[in-house]
Amino acid sequence: MEFKFKTLKQKVIIPAEPEQIYEAIIDGKKHAEFTGNKATSDPKIGGKFTAWDGYIFGKHLELEKGKKIVQEWSTTEWPKGYPPSIFELKFKKVQGGTEIEMIHSKVPEEQASDYDQGWIDYYWTPLKEYFKK
């Protein structure tokens, strides 16, 4: 079986401090607050996480508070036999808040466009709203 992958790259500015955004993503309770769906997280290297009522799941590979999150990442719709993708966020303080640079690599090619739009619809937009409150 030949795997076909894509890498998704996005940049977004969120009106909050890097540490606040890091916590919102890594803390299961805060994650659930901004997405509106159940999330869990064991915030340590090798710790497991879930989001969107278990639809997204994986483990933390690198954690640098307020700077970087790297995760092994899959969903319940992952194609059979495909390895987990690698999801990386880097946070940089900028005028107006924090720039998040996302690199989501090893995404199954057939699902890439859905996830590319999904990050905008289900993460960046609600995260902006969460911090405007």
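Start with the interior: this predicted model holds 1 cavity of 30 Å³ or more. About 130 Å³ of space lies in the largest cavity.

Select I25, H31, F49, Q71 and Y123. Of the 18 residues that line the largest cavity, these lie nearest its centre. Colour the lining by class next. The lining has 11 nonpolar and 7 polar residues, and no charged ones.

Now show the secondary structure around the cavity. Three helices each give at least two residues to the lining: helix 1 (18–26), helix 2 (28–35) and helix 3 (112–132). Strand 2 (40–41), strand 3 (48–51), strand 4 (56–64), strand 5 (68–75) and strand 6 (85–94) each do so too.

Keep helix 1 and helix 2 on screen. How far apart are their axes, and at what angle do the helices pack? The axes are 5 Å apart, and the angle is about 90°. Helix 1 is therefore roughly perpendicular to helix 2. Select the contact residues: E23, A24, I25 and I26 on helix 1, with G28, K30, H31 and F34 on helix 2. By class, this contact has 4 nonpolar, 2 polar and 2 charged residues. I25 and H31 appear here and also among the residues nearest the cavity centre.

Move to strand 4 and pick K59. Is K59 buried, partly exposed or exposed? K59 is partly exposed, because its relative accessible area is 31%, between the 20% and 50% cut-offs. Show its neighbours beyond four places in sequence: K59 touches G46, G47, K48, F49, V70, Q71 and E72. F49 and Q71 were in the cavity selection.

Finish with a distance. Draw it from the C-alpha of K59 to that of K44: 9.0 Å in space, 15 residues apart in sequence.

Conventions
Residues numbered from 1 in each chain as written. Predicted model: local features only at pLDDT ≥ 70, side-chain atom pairs only at ≥ 80, totals over all residues. Heavy atoms only, no water. 1 Å grid on protein atoms, 1.4 Å probe; cavity = no way out; pocket = protein on both sides within 12 Å on 5 of 7 lines; lining within 4 Å. Points joined across faces, edges and corners; volume = space filled by probe spheres on them. Helix = DSSP H or I, 4+ residues; strand = E, 2+ residues; numbered from the N terminus. Nonpolar A, V, L, I, M, F, W, Y, C, P; charged D, E, K, R; others polar. Axes fitted to C-alpha atoms, helices over the stretch in contact; angles between N-to-C directions. Parallel < 35°, antiparallel > 145°, perpendicular 65-115°, else oblique. Contact = heavy atoms within 4.5 Å. Buried < 20%, exposed > 50% of the residue type's maximum accessible area, 1.4 Å probe, protein only.
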